[in-house]
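Me: Before we begin, please look over the sequence and the model shown below, and then let us go through some questions together.

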Amino acid sequence: MKKSLLLAIGFILAVSVSAGNLSGYRIGLDPGHGGSDPGASGPTAPHEATLCLRVVNALNSKLQGDGCGTMLTRSSDTYVGLSTRASRFTSYDPYIALSVHLNAANGSAYGTETWYCTSSGNSYSLASSMHSRMVACMRDGALGCATAPTKGGGTFARGVKQTCWTVIYISSGIPATLTEGLFIDNSSEHSYLCSTSGFNAWMMGMLYGCYTHMNKCVNSNIPASPAGATTSLSVSPTSLSFGNVVKGRSL
């Protein structure tokens with residue numbers, strides 16, 4: 001993975017004030033939809049774009065607290081084109097490119113699924129780590145996460161799937177994945193995502209996924225589990241710490 005000198009210098013300055021397990025690394029975060037594109041609708045508000053932005057901001061705050069450099073493709077309720085998001089991932093050249101979405105179908109479908117595009121590189125490994133950790137948190141209530149949603153069982157884990165969504169159709173040197181956390185049009189899953197415990201489980205599944213991938217594919221000295229990621233780590237879907245965000249990049 002090529003790293004430009006300018007980005008490296010900027011990154012060192014950015015993380016020097018906060019050393020942690022992920023100090024010296026970069027993760028790109030893409031909250032799906034936004035602005036004129038609200039995404040899929042839940043039975044009531046909040047809908048996909050809003051919930052994705054909220055959970056990405058929560059995840060971003062935790063990653064920054066662990067010393068990680070981050071980039072957000074959008075940091076407010078604004079429209080950003082898919083090609084622009086992909087370009088921002090490519091320019092930032094992160095160790096993980098994560099696009100966060102929620103699913104929708106017929107109101108009764110349920111569970112989580114994870115997508116990757118490129119067969120070469122580590123995108124499949126990233127997607128697999130992200131998927132298994134999200135399932136562990138949201139279905140099994142493992143890893144210190146919340147009680148699972150109402151419907152569980154094997155079909156909750158809808159699998160790791162391959163297709164080249166525009167936002168993750170990027171360089172094979174950048175591991176990229178798109179998560180479909182739960183089905184926002186399923187009333188039970190929407191209620192779960194809008195609860196503090198369910199929201200935490202969603203966020204923590206992705207946080208664990210980042211750590212697992214970094215441990216397996218980047219540096220085995222990075223722990224596979226984030227420190228302090230237990231039920232004591234509490235953020236709600238309506239009360240979040242947004243960090244310092246300037247022009248789409250978290251500093």
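**Charged pairs and a histidine**

Me: Which residue forms a salt bridge with aspartate 140?
Reply: A salt bridge is counted where a side-chain nitrogen of Lys or Arg lies within 4 Å of a carboxyl oxygen of Asp or Glu. The closest N and O atoms of this pair are 2.7 Å apart, and the partner of aspartate 140 is arginine 139.

Me: How should the numbering and the values be read?
Reply: This is a predicted model, in which local features need pLDDT of at least 70 and side-chain atom pairs count only at pLDDT 80 or more, while totals for chains, interfaces and linings use all residues. Side-chain values use heavy atoms, leaving out hydrogens and water, and residues are numbered along each chain as its sequence is written, from 1.

Me: Is aspartate 66 buried or exposed?
Reply: Buried means under 20% relative accessible area and exposed means over 50%, with partly exposed in between (1.4 Å probe, protein chains only). Because its relative accessibility is 11%, aspartate 66 counts as buried.

Me: Which residue meets arginine 85 in a salt bridge?
Reply: The N to O distance in this salt bridge is 2.7 Å, and the partner of arginine 85 is aspartate 30.

Me: Which backbone oxygen does the side chain of histidine 190 reach?
Reply: Histidine 190 is buried, because its relative accessible area is 5%. At 3.1 Å, its side chain reaches the backbone oxygen of threonine 44.

Methods
A polar contact is a pair of N or O atoms within 3.5 Å; within protein, one must be able to donate a hydrogen and the other to accept it, and residues adjacent in sequence count only if both atoms are side-chain atoms.
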